[in-house]
Amino acid sequence: RVYEDEEQWFREIFSGSRKEDAIQNQYEFLVQRMGGPPLFSQRRGHPALIGRHRPFPVTHQAAERWLHHMQQALETTESINPDTKTKMMIFFRHTAYFLVAGNEMTRQTQSVPPCKHATSKPAE
């Protein structure tokens, strides 16, 4: 869905990755996160979501657009019961805004000079 989004700015976020890889990564991550076998970690290592998403502009606007697609995917999947769909959307929203916060945090730390009190000497 995200690769065919009507908004060019949103499609461009994904232009540097192959659709098949993105699908496999998301599938394995969700299986692992929802209590299944650690498929993602076995293949790629720790999920480290903030670090893995650092190259992408994970803004509030992008998060909302991604959540729109996740909602649409759940609505068209009849085999998932309504209670589970609600729980999944809560998880997706939490994850999306965790990444937004991580994006904002990493961008801030790149532009902030180190604290003058930070030293490599141990405290006495």
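This passage looks at the aromatic pairs and nonpolar cores of a predicted model.

A good place to start is with the aromatic rings, of which 7 pairs are found in the structure. In one of them, tryptophan 9 meets phenylalanine 10 edge-to-face, with 5.5 Å from centre to centre and 75° between the planes. The two partners can be told apart by their surroundings: tryptophan 9 has 30% relative accessibility and so counts as partly exposed, whereas phenylalanine 10, at 1%, counts as buried.

Another edge-to-face pair is made by phenylalanine 29 and phenylalanine 40, whose centres are 6.3 Å apart and whose planes stand at 85°. Because phenylalanine 29 belongs to helix α2 (residues 19-33) and phenylalanine 40 to helix α3 (residues 39-44), this pair ties together parts that lie 11 residues apart in sequence. Both of these phenylalanines are buried. Ring pairs also join Phe29 and Phe40 with Trp66, Phe91 and Phe92 in a cluster.

Phenylalanine 29 appears again in the nonpolar interior. Leaving aside residues up to four places away in sequence, phenylalanine 29 touches Phe40, Pro47, Leu49 and Phe91. The largest nonpolar core has 17 residues, and Phe29, Met89 and Phe92 are the ones that touch the most other members. Two or more residues of this core come from each of α2, α4 (49-52), α5 (60-75) and α6 (82-111). Helix α6 gives the most, with 7 residues. A second core, separate from this one, consists of 5 residues, among them Val2, Phe10, Ile13 and Ala62. In soluble globular proteins, nonpolar side chains tend to be buried together.

Technical notes:
Residues numbered from 1 in each chain as written. Predicted model: local features only at pLDDT ≥ 70, side-chain atom pairs only at ≥ 80, totals over all residues. Heavy atoms only, no water. Phe/Tyr/Trp six-rings, centres within 6.5 Å; stacked < 30°, edge-to-face > 60°. Buried < 20%, exposed > 50% of the residue type's maximum accessible area, 1.4 Å probe, protein only. Helix = DSSP H or I, 4+ residues; strand = E, 2+ residues; numbered from the N terminus. Core = buried A, V, L, I, M, F, W, Y, C linked by side-chain atoms within 4.5 Å. Contact = heavy atoms within 4.5 Å.
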